[in-house]
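Here is a short briefing on aromatic rings and the contacts they make. Look over the sequence and the structure first, then read on.

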Amino acid sequence: MIDNAYILDNGAYSAKVGLSCHEEPKIIPNCIMKAKSERQRPFIGNQIEDCRDASGLFYILPFTKGYLVNWDVQKTVWDYILSNDCCPSNFSESPVIITEPYFNFNPIKEAMSEIFFEEYECQSFLRVNAGDLSVYHYNHDNPGTLCVLLVETGYSFTHIVPYIQGKKIRNKIRRIDVGGKILTNHIKEIISYRQLHVMDETYVMNQVKEDCCFVSEDFSRDVEIARKKYPENTIVRDYALPDYTTIRRGYIRPLDSKEECNQQTIRLNIERFSVPEVLFHPSDLGINQMGIPEAIVRVIKSCPEETQPHLFNNILITGGCAAFPGFKTRVYNDVRSMAPYNCKVRVTVPDNPVTYAWHGGVLFSKDPKFYNYAVTKEEYEKEGHAVIFERFDEANLNFA
């Protein structure tokens, strides 16, 4: 039994990090940011909280199109995460679980292993897909589950992955090139075109997206409501932007508020639900791909017929975009309309879809099977990358 594994869910937007004895992970922005107000100082991870004015932030990201390519930035962020200022750990005693994206490239895998074994000198190491940990968590909470369809809607991509008896079926995985990043960019363009130039305000507009947007359960009905005037229009909202003097994060302000507002405001109407709609209709942005519900049904119907009822009954959605209000109901309604009438459809969205994989890592670190997969430093020094690829090979991992 391992009591204090170090779990790093290394996402493209944020890293979820902590020891397995912690109740919740720390969520650290996986980037370096520079601000106009403090040009000399870079802000690493959650150091952005120390920035006096977070408007006009310039981002330096380690991930490009979902894959780790800027090692200097990633190493800087990891150094900060592992420092005494953030979430330190003694790697001589704590094994490490770190996540990677699906279909990661071998040179990236090798570099990750080298950094943790040779530079951070960890004694035991496991590299795994975040989706594997999410499915392990789901199976732990739902014992006896034979199949799970994971929908992981992250920063750069959305992956639909079937797991049958704990193993992912690699040749059935589908990827949609839509995630949180493209939604933030979309709302920036809409607001810049209609109201206020915010193309340089990625940080603030990402907060606007998180605070205001929702998934429409009936798009046509909500469009009709958005055409009306207030108060018949129940969708329109004013959003007070932060001034970084009295408020650091914006907030939704009632249209009929009598209180004086000294902050600059933007008005959000149809944008509130048309932006997340891209997840269901990527063609709205010229992306010639199917939306999430259609991809779910396509993936399930491509799997063996005897597994399909189990997959329809165990649809698990994780990732930041799953936190939009209405997301679960919309996916259920759309999938239900396309699924066979005799198949039960069940959609699960965790209370916190962002940290679900990290909590799966906590559970897996306490499973005796963990020893079968982790590679020790002694094994690495003796056999090199060969033992890592053999042990971590995705085809061999079974998270039943």
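In this predicted model, the charged end of Arg175 sits over the ring of Phe157. The distance to the ring centre is 3.9 Å. A second arginine, Arg330, lies over the face of Phe280. Here the ring centre is 4.3 Å away. Rings also pair with rings: a search of the whole structure finds 19 aromatic pairs.

**The pair Phe91 and Phe116**

- Phe91 and Phe116 form one aromatic pair, with 6.4 Å from centre to centre.
- Their planes stand 45 degrees apart, and the pair is tilted.
- Phe91 lies in the loop between helix 1 (71-81) and strand 9 (96-100).
- Phe116 belongs to helix 2 (residues 106-119), so the pair ties together parts that are 25 residues apart in sequence.
- Phe91 is buried, because its relative accessible area is 6%, under the 20% cut-off.
- Phe116 also counts as buried, at 1% relative accessibility.

**The pair Phe370 and Tyr371**

- The ring centres of Phe370 and Tyr371 are 6.3 Å apart.
- Their planes meet at 75 degrees, so this pair is edge-to-face; the cut-off for that class is over 60 degrees.
- Phe370 is buried, with a relative accessible area of 1%.

**A cluster of rings**

- Which residues do ring pairs link into a cluster?
- The members are Tyr6, Trp71, Trp78, Phe91, Phe116, Phe117, Tyr120, Phe125 and Tyr380.
- Phe91 and Phe116, the tilted pair described above, are among the members of this cluster.

Methods: Residues numbered from 1 in each chain as written. Predicted model: local features only at pLDDT ≥ 70, side-chain atom pairs only at ≥ 80, totals over all residues. Heavy atoms only, no water. Phe/Tyr/Trp six-rings, centres within 6.5 Å; stacked < 30°, edge-to-face > 60°. Helix = DSSP H or I, 4+ residues; strand = E, 2+ residues; numbered from the N terminus. Buried < 20%, exposed > 50% of the residue type's maximum accessible area, 1.4 Å probe, protein only. Lys NZ or Arg CZ within 6 Å of the ring centre and 35° of its normal.
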